[in-house]
Amino acid sequence: MSADDIILSGMSGRFPLAVNTDEFAKNLFDGIDMVTDDDSRWPMGLYDISNRMGKIDDYKLFDSTFFGLMDQMVDEIDPQSRMLLETSYEAMCDAGLNPQTLRGSRTGVYVGVSQYAMTDGYPEDVQPDSRESLQTIMLQNLSNMKTFYASRISFANDFKGPSMIVDTACSASLTAMCLAVNDLKLGYTDSAIVCGTHMVFEPFINQYQQELSVCSPRGVSAVLDQEADGFVKAEAVCCLFLQRRRDARRNYAHVRSARMNVDGHKKMGMFFPSSEAHEQLMRTSYEDCNIDPRDMTYFECHATGTKAGDPQEIKAIYNTYCKSTGRTDPLPIGVLKSNMGHAEAGSGVSSVIKMMISYENECIPPNINLNTIKDEIAQYFPPLLAIKEKYPYKPGIFVCTSTV
């Protein structure tokens, strides 16, 4: 151990059917399906799409004066930005800190966010001869830009470190975490806030993804299951707080390695996953910190329920940690998306929070909607072990992945 070790010392979040990490943990351990079917976002049966989605229920309340923001600005910023302010503050408190003591510090803010084209609508018509109209439109545009998700956190807390949003699609929040860890290792920052956020308010995204067979028409997140027919949309706004060991008052986990790569050119096209590139990244990650792959005790997958992605990822996990090492003892596999759906840019940090909950409780929550392992990956089970019941677990070395 070293005083410069990177420690995960705080966490917070809003999840489907959960306003905090305690409710989230209870839902996970109770095997609750956090994917629900209702008309809280749009009418039932709209565009013949499934209304089943992992939705954040309570997102309309916000104490603007607590964060020192103008009412005019708060009226315009979207729910994600508001909850990012709340969860980042809560994560610092969870780490045992008074956020006021960090004002003026080199705290970096890194926010993974999903951005879709044509989803923010049109502003009001500008009246060029009215200064009030120009100011209103400018405030609406600036307040609504996802570009400022991170900067708003830095502004409200007077942080002086890097402040950025990261959008690498579904891997965005783990990419943000990788950047944060590297900045801490290089000495550019003294602490870091890493967030992941994704919410769905536009039904046309669900419509075209379901029509293209990306999303499950049944609305069932049956990850790794023979009946899996696509992923289910989910929401999450969540945050991690990272510090060096010498400064940390709480220690959920020690970050040994954080790496990222991209597949490069593929004959099957840019969007088809590559097990080879995935395998190479995992090998680089454990070699980077001199970890024996046989010492891995848990793997939290990105797996979403898609026909192409899951077999490629499971094959890479097997080749890296089992086939090449001669491993015969079980390697437990977790898939958070079976419990709540796929929160896209928020999925990576959500999965890390799940593992921190598992560490704290010395128990891994069960994967749900998993009855029969799909034929394409059945050959890898065992030694891979899909957890279907609460699994007693002594905290060890785990891997968490996220892909596009």
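The following paragraphs go through the salt bridges, the cysteines and a nonpolar surface patch of this predicted model.

The count of salt bridges comes to 20, and a few of them show how varied their surroundings are in terms of exposure. The side chains of K26 and D30 meet with N and O 2.7 Å apart; K26 counts as exposed, at 54% relative accessibility, while D30, at 42%, is partly exposed. In the bridge between D190 and R106 the closest N and O atoms are 2.9 Å apart, and this pair joins distant parts of the chain, 84 residues apart, with D190 in the loop between α6 and β6 and R106 in the loop between α3 and β4. D190 is partly exposed at 32%, and R106 is partly exposed at 37%.

The salt bridge of E300 with K354, at 3.0 Å between the closest N and O atoms, links strand β9, which holds E300, to helix α11, which holds K354, across 54 residues. Here E300 is buried, with a relative accessible area of 0%, and K354 is buried with a value of 0% as well. Salt bridges also form a network, which links R14, E86 and E90.

Turning to the cysteines, a search of the whole structure finds zero disulfides. The sulfur of C195 lies 3.7 Å from its closest cysteine sulfur, in C239, and this is too far for a bond because a disulfide needs the two sulfur atoms within 2.5 Å. C195 is buried at 0% relative accessible area, and C239 also counts as buried, at 0%.

On the surface, Y47, F204, Y208, L212 and V214 make a nonpolar patch of about 450 Å². Y47 lies in the loop between β2 and β3 and is partly exposed, with a relative accessible area of 42%.

Conventions
Residues are numbered from 1 along each chain as its sequence is written. This is a predicted model: local features need pLDDT of at least 70, side-chain atom pairs count only at pLDDT 80 or more; totals for chains, interfaces and linings use all residues. Side-chain values use heavy atoms; hydrogens and water are left out. Patches are made of residues with over 30% relative accessible area and no salt bridge: like charges are joined within 9 Å, nonpolar side chains (Val, Leu, Ile, Met, Phe, Trp, Tyr) within 5 Å. Accessible areas come from the Shrake-Rupley method with a 1.4 Å probe; for residues, only the protein chains shown count as cover. A salt bridge is a side-chain nitrogen of Lys or Arg within 4 Å of a carboxyl oxygen of Asp or Glu. Helices (H or I, at least four residues) and strands (E, at least two) are DSSP runs, numbered from the N terminus. Buried means under 20% relative accessible area, exposed over 50%, partly exposed in between (1.4 Å probe, protein chains only).
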